2 protein chains.
Amino acid sequence: MSNALPNEQPEKIYLPRTSESESLKKIRHTTSHVMAMAVQKLFPEAQVTIGPWIENGFYYDFDKPEPFTEQDLKTIKKEMVKILKRKLPLVREEVSREEAQRRIKEINEPYKLEILEDLEDPITIYYLGDDWWDLCAGPHVENTGEIHPKAIDLESVAGAYWRGDENREQLQRIYGTAWETPEQLAEYKRRKEEALKRDHRKLGKELGLFLFADPVGPGLPLWTPKGTVLRSVLEDFLKQEQLKRGYLPVVTPHIGRVDLFKVSGHWQNYKEDMFPMMAEDEQAALAEQGFVLKPMNCPFHIQIYKNELRSYRELPMRLAEFGTVYRYEQSGELGGLTRVRGFTVDDSHLFVTPEQLDQEFLSVVDLILSVFKSLQLKNFQARLSFRDPASDKYIGSEEAWSKAEGAIRRAVQTLGMNYFEALGEAAFYGPKLDFIFHDALDREWQLGTVQVDYNLPERFELEYVAEDGIRKRPVMIHRAPFGSLERLIGILIEEYAGDFPFWLAPVQARLIPVSEVQLPFVKEVAQKMRSLGIRAEADTSGERLGKSIRNAEKAKIPVMAVVGAKEVEANTLSIRTRAAGELGTIAVAEVLEKMENAIANQENF
Amino acid sequence: MSNALPNEQPEKIYLPRTSESESLKKIRHTTSHVMAMAVQKLFPEAQVTIGPWIENGFYYDFDKPEPFTEQDLKTIKKEMVKILKRKLPLVREEVSREEAQRRIKEINEPYKLEILEDLEDPITIYYLGDDWWDLCAGPHVENTGEIHPKAIDLESVAGAYWRGDENREQLQRIYGTAWETPEQLAEYKRRKEEALKRDHRKLGKELGLFLFADPVGPGLPLWTPKGTVLRSVLEDFLKQEQLKRGYLPVVTPHIGRVDLFKVSGHWQNYKEDMFPMMAEDEQAALAEQGFVLKPMNCPFHIQIYKNELRSYRELPMRLAEFGTVYRYEQSGELGGLTRVRGFTVDDSHLFVTPEQLDQEFLSVVDLILSVFKSLQLKNFQARLSFRDPASDKYIGSEEAWSKAEGAIRRAVQTLGMNYFEALGEAAFYGPKLDFIFHDALDREWQLGTVQVDYNLPERFELEYVAEDGIRKRPVMIHRAPFGSLERLIGILIEEYAGDFPFWLAPVQARLIPVSEVQLPFVKEVAQKMRSLGIRAEADTSGERLGKSIRNAEKAKIPVMAVVGAKEVEANTLSIRTRAAGELGTIAVAEVLEKMENAIANQENF
């Protein structure tokens, strides 16, 4: 019985990220060269192409007629270890383009010639000892002896196309990893294995929460009854929180005219992320007279705001919708729930006066923090996603952007939050505060977002009548604590390793009779629980007790109640929970009360 | 203060429908001729075209350069009364095609010539006295004296195109009505006026429930906070009923591959009712490789069923979803909520063994009847919508259709329901039981539907493992008690005339302070009500009491609570309800309790 709870690791080993570590960049870059050298030594017919570092290691693409086998990887690794132990120096040499061409032709590597064409001067070459070199800009370690032979490994082989173009040569990509120390490699492997166990695609299937169906299409999840419970509990929880805070629920269509998205700017700035237009015929298509699936809810909530002339008395107006949106992600990018083509945003758009902006922004952040707390998500940072001043992909004035970015910076400073600024990560219409969550395996996920927007109110000419009778422009706040319900559930499955907290679990309790004799009692108690809103079920399988208990464990149901003759007589239940193990025999009434309290307080049973 | 409740008419006058009354057909047909004769007498330049009876009267289209005015209609009606009083006989004459042509040319009526071309032999002409005749197949009254001059009226003028073709001549259509008795005409006018008052488009706007926005598109309603409450209350009510009856909620995407709808048969049989395909480019469009908005939820629920091999133990499996679907109604057909392009079906698909079919069908009908009862909808019939044996637009075998139609017929007979059979009204994949509701104005609306389907299980090759271990095919029941949430709300607005029952009303109570002094008390009580789930609001407008009361009446809020100094002192509320008028002063605690009970029992306060 696995009781793995988040953040329960015995010792915490820090794993640096390549992007943040010069040392790792050098190690991985060099190890990729070492691998290519080893491959060409063992398989002289293999031609090399490119081999960059990636977040968890490196890869190298080879052109080789025979596929690499598992056994090949082992042999290659052995050869790599030999090279490391030779302590070969890495020597940088600057050469002229002509000299580079000459040397490439000498070793007959056509891909390198093509790579050379795209390189800018100066052309640099890195030698690995005397035998092997590659076109490369570095950086590298001084010599291969700096890399610990027990801190590297080869992981897998996959197909790849030269230049990512499926009309070009098919190559073989070997993925490897390399770390500063053997301990880091061990920790990396442990996390990888744990991540595999927690993989929400695997767990989602085992727990029967959602499915993808080929006839429906990639990235379009269908939610089973159990998964739908999960969605509903999360939705209802946030709806209740929002009701308390004066949010007003609305419902809007999933499609709108192209024209609507021209006014909002989505058509001009976001079209490639949208599904193709629905047009009656070619003429309508050419005239862009058709409908599109909404990639965001904002233009629709704006229509509701615009439906009447608003007074300052009505502001802040917080329109909220669990709105399902559709984005045309490339099918290669889709995987499980964390990247989908259709997802439900726990969206709200707040229309506020400029004077209300700071206070409302703080209230929104406060709501998001309280949501994270309920979900037991503790470890996160604030990312201030601002515009890239060098890019022209944004709409709106310099002044509007400065004001919006200022409001966000003030808020995180007021709250004393752990934050960093990321230029170029803004939405095209405004800057954002994103919550970056670090999970139990120290992976980063984006969850929750708040945006300040002076631009859409301008584009849609929104107004309110101020206290002095003058028509003024409101500011908009876009916000979504979950971000996407699908993505959140994917992350929660991995974070909890499928062990949902009691209040969230699709099935909260399973009642198991020791024999058929206790079945009527078990059914009665289960029915009683359900009438109190507890998601309980009776085990009517007729399986042996041991099998029934194992089934409930496999289904990761938080509470198991075993009922034998003694329990029936005493009106008790023999309780076993995933969080705390055996709790012994407890009176039915007490169990019911404890369960109701646990649900109300979002606590474990 | 209007307290009009459904079915509270002092005397019930039966209004026959033209389609069901030979007598009305004759009267209306003849009156249309009388009108045309009157028009040509008064406006000799007017050319006649066609003039059929319609459900509530008749019309006639004229080609006339000058538009008809309101005053013209009065003059025409006077002339018609004169014609009626002349007791002109209607004389039928059969003529040869050549003779008909000759006579038409004689009176120079080019439209009649064109009409003649499409007529089949024998050609018949009806004379109205000696002066006027028309090409017509009848039937007519014997003489105009049979039509009571006080049982006819002219109603309006509208534009129309000759042959409904916007490239042809623009004509003027005069709408009129005619009845057997002056009493019928009076009742018809009363109902028409009442219908205008109840018009859900008008009331929906006045009560602020929903809106249409041109940039979003026709037939795509957006729901305001108040309208969303209405939706949620209805949804939650049905969800609770379904939970009790073992339905399993699911969530599915709004789009799917074209291929999915090819398997289901929608693409071949229902394509013209679907939105255009979303295809990446022309090539994909030609290959029909793209996505489409779902017009129905069935193929998606089927995917969830198919996701695992099912056992007889899991059946009946009742998958339920408030699924929003999209249908490409012609924009000319759109109006308010009763005909929209996007709507939410309270959909469920039951997968049952053949042995379970009859019992499950009865359970579904029972659920629908209990839903109608809660909604206070009393007056309905069952329409058995069967296939048209002469048409080939259906999928599936003769045998499957017979079995399905048989199951439906057995069910309504078992229940002793008032029913009729309508050939040609089936869905393309199976027959239906539709509930035809007659509203307070005796109009017919379709609400709620149950379908039996042997065909989709066949097309999708659905299976379950039966008790004997053999794989068998389940039967599907499609059902939706509301039908469409949008349509239901439109009908309810009209049926209730905007006066929602207490449990459904978006705002249930408004608390009005006599002066500012009572505002804190009023706010406190409103807050207390909200914490109990009562939708209460405090009137903070600062308006005079009279104005505040009128505002609450205009908003049709079921309960008004006025609070003066005396009420604050005694902790009471002075209650006034729309249903029962003044209730006097009642203790706050008692009001709260009565409100909670009224909500729980779906009763008036």
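**Reading a two-chain contact and a helix**

Analyst: Start with helix 7 of chain A: its buried residues are Gly227(A), Thr228(A), Leu230(A), Arg231(A), Val233(A), Leu234(A), Glu235(A), Phe237(A), Leu238(A), Glu241(A) and Gln242(A). Keep in mind that this is a predicted model.

User: How many residues does helix 7 of chain A have, and how far does it reach?

Analyst: To read a helix, set its span beside the expected one. Helix 7 of chain A has 20 residues. From first C-alpha to last, the helix reaches 28 Å, close to the 28 Å expected at 1.5 Å a residue. Just after helix 7, Gly246(A) takes a positive phi of about 80°.

User: How do I read the contact between the chains? How many residues does each chain give?

Analyst: Begin with the residues on each side, then look at the area. Chain A gives 44 residues and chain B gives 44 residues. Together the two chains bury about 3,900 Å², and 67% of that is on carbon and sulfur atoms.

User: How many salt bridges and polar contacts link chain A and chain B?

Analyst: There are two salt bridges between chain A and chain B. One of them joins the side chains of Asp214(A) and Arg257(B), at 3.5 Å from N to O. Polar contacts across this interface come to 17 residue pairs, with both residues at pLDDT 80 or more.

User: Which elements of chain A supply at least two residues each to the side that touches chain B?

Analyst: Helix 7 (225-244) and helix 11 (298-306) do. So do strands, among them strand 10 (222-223), strand 13 (291-293) and strand 15 (317-326). By class, this side of chain A has 29 nonpolar, nine polar and six charged residues.

User: Now a single residue. Where is Pro215(B), and what does it touch?

Analyst: Place the residue first, then list its neighbours. Pro215(B) lies in the loop between strand 9 (210-211) and strand 10 (222-223) of chain B. Leaving out residues up to four places away in sequence, Pro215(B) touches Arg257(A), Leu260(A) and Gln303(A).

User: Why is Pro215(B) called partly exposed?

Analyst: Because its relative accessible area is 30%, and partly exposed runs between the 20% and 50% cut-offs.

User: And Val48(A): buried or exposed?

Analyst: Val48(A) is buried, because its relative accessible area is 0%. This residue sits in strand 1 (residues 47-48) of chain A. Its contacts, not counting residues up to four places away in sequence, include Ala36(A), Tyr60(A), Phe62(A), Tyr111(A) and Trp132(A).

Definitions and conventions: Residues numbered from 1 in each chain as written. Chains lettered and ligands numbered in written order. Predicted model: local features only at pLDDT ≥ 70, side-chain atom pairs only at ≥ 80, totals over all residues. Heavy atoms only, no water. Contact = heavy atoms within 4.5 Å. Buried area = accessible area lost by both parts, 1.4 Å probe. Salt bridge = Lys/Arg side-chain N within 4 Å of Asp/Glu carboxyl O. Polar contact = N/O pair within 3.5 Å; in protein donor to acceptor, adjacent residues only side chain to side chain. Helix = DSSP H or I, 4+ residues; strand = E, 2+ residues; numbered from the N terminus. Nonpolar A, V, L, I, M, F, W, Y, C, P; charged D, E, K, R; others polar. Expected span 1.5 Å × (residues − 1). Buried < 20%, exposed > 50% of the residue type's maximum accessible area, 1.4 Å probe, protein only.
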